[in-house]
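Dear colleague,

Please find the structure below, handed over for your consideration. A summary of what was found in it follows.

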Amino acid sequence: MKALEGVRILDFTHVQSGPTCTQLLAWFGADVIKVERPGVGDATRKQLVDVPGADSLYFTMLNHNKRSIELNSKHGTGQEVLTRLIEECDVMVENFAPGALDRMGFTWERIHEINPRMILASIKGFGPGQYEDCKVYENVAQCSGGSASTTGFPDGPPLVTGAQIGDSGTGLHLALGIVTALYQRERSGRGQKVSAAMQDGVLNLCRVKMRDQQRLMAGPLEEYSQYGEGLPFGEATPRAGNDSGGGQPGRILRCRGWETDPNAYTYFITQTAVWGPICDLIGRPEWKDAKGYATLPERLDKLDEIFDAIEAWTMTLTKFEVMEICNPLNIPVGPILSMKELMEDEGLRATGTVVDVDHPERGSYVSIGCPIKLSDSPAEVVRSPLLGEHTEEVLSDVLGYSGEDLDRILESGAVGQPKRTASG
Ligand code: CAO
């Protein structure tokens, strides 16, 4: 039995933020029914297409373990079916533009009236206020949530990060809100509205940067490299390059092969507890006790000199050799791993974090499995559904339509053309 077995999700999500949330719930065992516009589906199905005619990796990698039903929610019969789905499901998840669900006629009040146990979970770009009506994508959220202003080097422009903290990060936040609301419903018997704004989600992940904003008001941030470099601080938390976010100075350093390999680098943390072994390793045993080097506060204005010396050592080794040598000494280091290296990583494959998936249109592709492991509820990755693959199945098995009633709906134009199946 899976952890969320018996929980039925009406998945009205699209693009990235919402689908990552419902994919997680599906991996935990929920029955996720993805509602898609007839003949069109989630826009990502046909974005960044790499295999002509097939669903894109953008779609397949975000929609595993779901069923797909085509349904026009603005068509009278479609609204009848949607109402039945609201009656039968436990959670409705959506990330439409602000107001879109209301314009379909499904306000929170209406949904709650149809099914008082229903949990309505929504992602929007912003919470209530000045920007609540804005459409928002990943990078806008990274910029408005504080990530971009604190990412990059002090003398360069703000930078967005490759980690999709606005979309997938908010999807994670929403998933937690949903299971929490399900838990409360066990006792209250009532559903509730769960909202996660992308700006809020990004800001939550930038918590340490707001910590630094307040520390800055009390004086310069001494663990930032710019302190040792004599660069003045401004009014706001600055971009910190590759400085570590905590009190233990760290940086990305070149390793052997960096001239030709863009990822021949290591992250190296000069943890106070292992300062002695670091000095021995890099051939500077005198720094262990020398005035100006022996303690962390003394070292903070010499980080450039110290990391230059460490880098002179790391450049003689590969990033993996650095790890092999430092790990037994408890010196925290991490190789910069490329997507290619991660895709081929045997350890990640053994744990199911990287998986091969078969797909009837595309053949085999590599995906990322469930990153959260439940010992009693292991996640198995099942390929994403074709558009409308489960329309008839959901209408009959979940909603109980049969005979003339089923024919009426299938012929109404509200649920698309007769369906493709996995076998063709
Ligand atoms: N049947 C009928 N109509 C449907 C439908 C269905 N099954 N599914 C969607 N639609 C309609 C919507 O009702 C909407 O119609 P109206 O504008 O007339 O109300 C229309 O399709 C477009 O929906 P949308 O505005 O949500 O989509 P968009 O492509 O214009 O905007 C996005 C996309 C992501 C910017 C917007 O949905 C948004 O801001 N969402 C919230 C924030 C978010 O999740 N952003 C992250 C996205 S991932 O990077």
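The ligand occupies the second largest pocket. A pocket here is, on a 1 Å grid over the protein atoms alone, an open set of points with protein on both sides within 12 Å along at least five of seven lines; a molecule sits in it if more than half of its atoms lie within 2 Å of its grid points.

This is a predicted model, in which local features need pLDDT of at least 70 and side-chain atom pairs count only at pLDDT 80 or more, while totals for chains, interfaces and linings use all residues. Residues are numbered from 1 along each chain as its sequence is written, and side-chain values use heavy atoms, leaving out hydrogens and water.

The ligand is surrounded by 24 residues (a heavy atom within 4 Å), and the closest are Ala 97, Arg 103, Lys 135, Val 136 and Asp 167. By class, this shell holds ten nonpolar, seven polar and seven charged residues.

Polar contacts (N or O atoms within 3.5 Å) include the following. A side-chain N or O atom of His 14 is 3.0 Å from an oxygen atom of the ligand. Through backbone N or O atoms, Ser 73 lies 3.0 Å from a ligand nitrogen atom and Ala 97 lies 2.8 Å from a ligand oxygen atom. Of the 940 Å² of accessible area that the ligand has on its own, the protein covers 83% (Shrake-Rupley method, 1.4 Å probe).

Finally, Gln 47 is placed in the loop between β2 (31-36) and α2 (57-60).

Yours faithfully

Definitions and conventions
Polar contact = N/O pair within 3.5 Å; in protein donor to acceptor, adjacent residues only side chain to side chain. 1 Å grid on protein atoms, 1.4 Å probe; cavity = no way out; pocket = protein on both sides within 12 Å on 5 of 7 lines; lining within 4 Å. Nonpolar A, V, L, I, M, F, W, Y, C, P; charged D, E, K, R; others polar. Helix = DSSP H or I, 4+ residues; strand = E, 2+ residues; numbered from the N terminus.
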